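Hi there,

Here is the structure I promised to send over, with my notes on it underneath. Have a look at it first, and then read on.

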Amino acid sequence: MTSTHTARELTLAQILERQQQAFLADPQPGVKVRRDRILRLKQLVLDNAAELTEAIREDYGSRPETFSTITDIASSIPDLDHQRGNIKKWMKPTRISRVLDAVGFSQQVRHDPKGVVGIIGPWNFPLYLTIVPAGSALGAGNRVMIRPSSVTANTTEVLCRRAPEYFAVDELAIAGPEHGRGSDFSVLPFDHLFFTGSPGVGKSVAKDAADNLTPVTLELGGKNPVLVDTSADIDRAGRSIASSRLVNGGQVCMCPDYVFVPEDRLDAFCDTVLDQWRTTLPAIVGNPEYTATVNTSNYERIVGLIDDAVAKGAVKRDAAPAGERLPDPVVRKIAPTLLTGVSPDMEIDSDEVFGPVLAVFGYKGLDEAIRYVNDRPSPLVLYWYGDRNDRFETVADRTRSGNIYGNDFGIGMASSAIPFGGVGNSGMGGYHGHYGFRTFTHERAVAHHSFDFNASQLMVPPFTSGKKRIASAYLGVMQVRTRLKL
């Protein structure tokens, strides 16, 4: 390690300065160094898995440790391994033309580290959604500062305490509560800022970054729609969607928010969803496997959305077990709830729920569902249940979303070969695999020739007859090429 200080002993400005100086001293770390840093990031997570999952459980009050082990610990590792295995290939400059190289005119694109990367993590997956982008940033050759969510204070405490055992502060540093609010972090002049969270906070982060002309990647949320096709098996689709809505107690940016089902199958779909919930959840209040809402403010917000919808005419059906009074403010648990008859004047029609509530609509024609989706901000994920047929292609062509997943929940996250990211209100930029490496590198163009010729001389006076002939010939070539392409 190159520093004996830990992040807790320094201010944010001091940490940033140390990382900037360390980057300037080694602006192009080699493959061995980058792989070692990612390996240490893996070890930080794996060596402390039990302590971290317990901390997450304490933060939530009720969250299955098995779930945290799968989603926050184990699932972080494949992308880190993918980064380590491909860094050497990705680092190499991209050659544009071997033919031009041979005649003395070389063009290439370097993949240079940006410098110091800031990562602001969320509370719903406090490890996965910070560790994976951090691995990409380290693989790209950067120094990294991480600001975990203040909501998951116990998890942050473990990271702050354990990270110095694996990293010098000028390589990777964790900002804790002693470093102030999230806004104190986002105003720093990073070379790239990566944020995962809500669209509202994302706007504030983008404004802070704009003052420094810091490029940002925003991984946001939104109301994710589900379109159930006439070709779908309603029972299978209903059970899958019901389960999807309850992942992490519904507190996932990819969870389905509302569903469009063929009108003549609406009742069957709703019955299946409720049956799935009731079958798998014979108990909720004292059930440690049912994830609680993370804090009181979010609990009250979700309950308020349900109450507002019911007061304005929505029909509510829930899966509260017999004998249990839900919602329960003490344990912050809400029974899985299904709403029909939701209308635009209800708050739930526009607000992302981030809880165990699902709105269901019937549709007569697919155009009706497409129009509803397009009248709202672009979601992070659009789900499709049914065959990959012409109707699927129509939906894909006529809607906009960060990702499209078919017949299952979040399946695009299982691979590092495709990007993950939002569009419009659901974010900008993407990561995972090579896409993450590219996010945190600057694609730097390099052109060089060895000719006895200077192009700038064509562009300054005197504009001789020879220069005019060259200009005319160049224009003629462009016109011929255009006509040939027609």
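Let me start with the open sheet of 7 strands, whose order is S10-S11-S12-S9-S8-S13-S14 and whose pairing is mixed. Its edge strands are S10 (315-318) and S14 (403-406), and each of these pairs on one side only. From one strand to the next, the twist averages 25 degrees. Please keep in mind throughout that this is a predicted model.

Within that sheet, you may like to look at S8 (residues 224-228) and S13 (residues 381-385), which run parallel and are joined by 3 bridges. Leu227 is a handy place to begin, as it stands opposite Trp384 in S13. A helix belongs in this picture too: H15 packs on the sheet and touches S8, S13 and S14. The direction of H15 makes about 170 degrees with that of S13.

H15 (residues 390-398) also has a helix partner, H14 (residues 366-374). The two axes come within 11 Å and cross at roughly 25 degrees. Angles under 35 degrees count as roughly parallel, so H14 is roughly parallel to H15. Their crossing is right-handed. On the H14 side, the contact is made by Leu366, Asp367, Ile370 and Asn374, which meet Arg391, Thr394, Val395 and Arg398 in H15. By type, the residues of this contact divide into 3 nonpolar, 2 polar and 3 charged.

Now for another helix pair. How do the axes of H2 (residues 31-47) and H7 (residues 128-139) cross? They come within 8 Å and cross at roughly 160 degrees. An angle over 145 counts as roughly antiparallel, and H2 and H7 are therefore roughly antiparallel to each other. This crossing is right-handed. In H2, the residues involved are Arg34, Arg37, Ile38, Leu41 and Val45, and they meet Ile131, Ala134, Gly135, Leu138 and Gly139 in H7. The contact of H2 with H7 is made up of 6 nonpolar, 2 polar and 2 charged residues.

There is also an open sheet of 3 strands, in the order S1-S2-S16, with antiparallel pairing. S1 (94-95) and S16 (441-449) stand at the edges with a single partner strand each, so one side of each is left without a neighbour in the sheet. Between S2 (residues 105-113) and S16, which run antiparallel, there are 9 bridges. If you want one pair to pick out on screen, Arg110 has Arg444 in S16 as its bridge partner. As a general reminder, strands of a sheet pair through backbone hydrogen bonds, either parallel or antiparallel.

A few backbone details deserve a look as well. In general, most residues other than glycine have a negative phi, and most peptide bonds are trans. Where does this model depart from that?

- The peptide bond from Leu326 to Pro327 is cis, with omega near 5 degrees. Pro327 sits in the loop between S10 and S11 (337-340).
- Arg332 is not a glycine, yet it has a positive phi of about 55 degrees. Arg332 lies in the loop between S10 and S11.
- Pro461 and Pro462 are joined by a cis peptide bond, with omega about 0 degrees. You will find Pro462 in the loop between S16 and H17 (465-485).

Finally, a word on annotation. UniProt, in an unreviewed entry, lists residues 14-445 as "domain: Aldehyde dehydrogenase". In the model, that span is 41% helix and 18% strand, and the C-alpha atoms at its two ends lie 33 Å apart.

Happy browsing, and do write back with any questions.

Best wishes

Notes:
Residues are numbered from 1 along each chain as its sequence is written. This is a predicted model: local features need pLDDT of at least 70, side-chain atom pairs count only at pLDDT 80 or more; totals for chains, interfaces and linings use all residues. Side-chain values use heavy atoms; hydrogens and water are left out. Axes are lines fitted to C-alpha atoms, for helices over the stretch in contact, and angles run from 0 to 180 degrees between N-to-C directions. Helices (H or I, at least four residues) and strands (E, at least two) are DSSP runs, numbered from the N terminus. Angles under 35 degrees count as roughly parallel, over 145 as roughly antiparallel, 65 to 115 as roughly perpendicular and the rest as oblique. A crossing is left-handed if the near helix is turned anticlockwise from the far one by less than a right angle, and right-handed if clockwise. Contact means heavy atoms within 4.5 Å. Ala, Val, Leu, Ile, Met, Phe, Trp, Tyr, Cys and Pro count as nonpolar, Asp, Glu, Lys and Arg as charged, and the others, Gly among them, as polar. UniProt positions are given in the numbering used here, feature names are shortened, and annotations may be inferred rather than shown by experiment. Two strands pair if DSSP finds at least two bridges between them.
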